[in-house]
Amino acid sequence: MGEHTVTVIDNRTGKQIELPVRKSTQGPDAVDIGHFFRETGYFTYDPGFLSTASCHSQLTYLDGEQGMLQFRGYPIEQLAEHSSFIEVAYLMLYGELPNQVQLDGFQDAITHHSMLNESLKEFFRGFYHDAHPMAIMVGVVGSLSAFYHDSTDINNPEHREIAAHRMIAKMPGIAAASYKHSVGEAQVYPDNSLSYTGNLLNMMFSVPCEKYEIDPVAEKALDLIFILHADHEQNASTSTVRLAGSSGANPFACIASGIAALWGPAHGGANEAVLKMLDDIGDVSNVPKYLACAKDRDDPFRLMGFGHRVYKNYDPRAQIIRKMCHEVLEKLGDGNDPMFELALHLEEIARSDEYFIERKLYPNVDFYSGLIYKALGIPTNMFTVMFSIARTVGWVAQWMEMIGSEDQRIGRPRQLYVGAKQRDYVPLGER
Ligand code: CMC
């Protein structure tokens, strides 16, 4: 059998072209339109990339219809149950689960890159006291390239690896420092004896005058949330990282651009927006009113934490987080968080509503993650920062995959121009 192709016929000219089909290992194959413009004179038009693959990747596979997510082929449910965030980070960067020696070596590399340059720490003081921590993250992460010149040669695989380790290692310290700045407390140094998430909790919540005990429930819950958020194929922030990186920009700048894209409420900012929404709803008696607003086309309000571009089924990460929410609230509180009750009620009502059923709108990962963060004592404006720490693994893995790829070239979309046709300049006095 010959190469699989798709035939396109131009009804105006009768011209027929064959487009090659690229095979996937799982999921839909892709029609290669790389020569489409050259052969037809047309661009393809797909705002929001509803049908367009922007790259090939071996990292993450998700099937939105089935509600299935895999990292390097491993189902998210299995990784959530058996793995750790550091192990998943290794898997994403290097393609295979590590053996004990590899894991120890990687853990060591991440641990020993966790300190921040003392001058970098001065940056935090320059931010206004009530700056949003995500604004601080964008600025400080972007500035990392000013400190680590020795790992910004993107053509050197060793530099790429060190930059990747540095970013994964330093994100918790930057995140914690942005929180400490907002509450007016001293920054805390990393402690190499602690786990990745234990270290983060310690840097966020310990103070010089008191001993801080890391709650193992909180440490484990955070580790699990980080696994779930580690990557999610070509979402808005990851695509931003790839696009920025395609120009040859240094990796620190690329990750800063990813953080900026993540901040939006339709993406990573949704976890913060969910809590705000639950707070606004306040009581189960108000649920019908808010649902009516969410369904009203003339009302911009959307049910935050519901719906997904790819999942047209229950987000598998939301399933895991929902279950964990029960456990965490049981262990850390009295198990009766009214906000969790409200969220469960809202989900139940929405999922039996024709509007949500028809559009296949299910809870996404952010619907319950904020409730866990809240139970761990993490303030609402830090939720998206938490997301950014975990997603750094995906961003750097995707960036490394792209730079290492043989057909890597600058990303440069085309456009359908619908503006004015050529016209002559009119002098100011004649307008
Ligand atoms: N509440 C009410 N209606 C909704 C919602 C929602 N949360 N999400 C989608 N719809 C409706 C939408 O109005 C449209 O209706 P119609 O067909 O009548 O015009 C239909 O469902 C399809 O929605 P869409 O906007 O075309 O879908 P999209 O793929 O462009 O958007 C989304 C996906 C995630 C941006 C959107 O569902 C949304 O805004 N959700 C709320 C924000 C949110 O929870 N974001 C987190 C996403 S998961 C984590 C992450 O990726 O960072």
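**Group meeting: a walk through the chain**

Let me start with helix α9. A218, A221, L222, D223, L224, I225, F226, I227, L228 and H229 are buried there. Buried means under 20% relative accessible area, exposed over 50%, and partly exposed in between, with a 1.4 Å probe and protein chains only. Helices are DSSP runs of H or I with at least four residues, strands are E runs of at least two, and both are numbered from the N terminus.

Now the ground rules. This is a predicted model, where local features need pLDDT of at least 70, side-chain atom pairs count only at pLDDT 80 or more, and totals for chains, interfaces and linings use all residues. Residues are numbered from 1 along each chain as its sequence is written, and side-chain values use heavy atoms, with hydrogens and water left out.

Back to α9, residues 216-229. In total, 10 of its 14 residues are buried, so the helix is mostly covered. Its end C-alpha atoms lie 20 Å apart, which agrees with the 20 Å that 14 residues should span at 1.5 Å a residue. The expected span is 1.5 Å times one less than the number of residues. At the start of α9, a side-chain oxygen of D215 comes within 2.8 Å of the backbone nitrogen of V217.

What does helix α14 pack against? Its buried residues meet β5 (68-71), α2 (76-82), α9, α15, α17 (365-375) and α18 (383-404). Contact means heavy atoms within 4.5 Å. Those buried residues are P316, R317, A318, I320, I321, M324, C325, V328 and L329. Helix α14 covers residues 316-332 and reaches 24 Å from first C-alpha to last, close to the expected 24 Å.

Next, α15, residues 338-351, which holds L342. L342 counts as buried, at 4% relative accessibility. Leaving out residues up to four places away in sequence, L342 touches L278, I281, G282, D283, V284 and V287. N117 is 225 residues from L342 in sequence and 44 Å away in space, C-alpha to C-alpha.

For contrast, take R125. Buried or exposed? R125 is exposed, with a relative accessible area of 63%. R125 sits in the loop between α5 (118-122) and α6 (133-143). Its C-alpha is 24 Å from that of A261, 136 residues away along the chain.

Now the strands. Two strands pair if DSSP finds at least two bridges between them. Strand β1, residues 5-9, pairs with β2 in the antiparallel sense over 5 bridges. T7 stands opposite E18 of β2. The hairpin has 6 residues between the strands, and G14 takes a positive phi near 80°. On the other side of the story, β2 and β3 (residues 30-31) run antiparallel, joined by 2 bridges. V21 has V31 as its bridge partner in β3.

In a regular strand the side chains alternate between the two faces of the sheet. Strand β2, residues 16-22, shows that alternation. I17, L19 and V21 point to one face and are buried. Q16, E18, P20 and R22 point to the other and are not.

Last, the whole chain. The secondary structure comes to 18 helices and 6 strands. The radius of gyration is 24 Å, close to the 22 Å that the globule rule gives for 431 residues, so the chain is as compact as a globular protein of that length. That radius is taken over C-alpha atoms, and the rule is 2.2 Å times the number of residues to the power 0.38. Buried residues make up 45% of the 431. Among contacts between residues at least 6 apart in sequence, 70% join residues at least 24 apart.

Methods. Polar contact = N/O pair within 3.5 Å; in protein donor to acceptor, adjacent residues only side chain to side chain.
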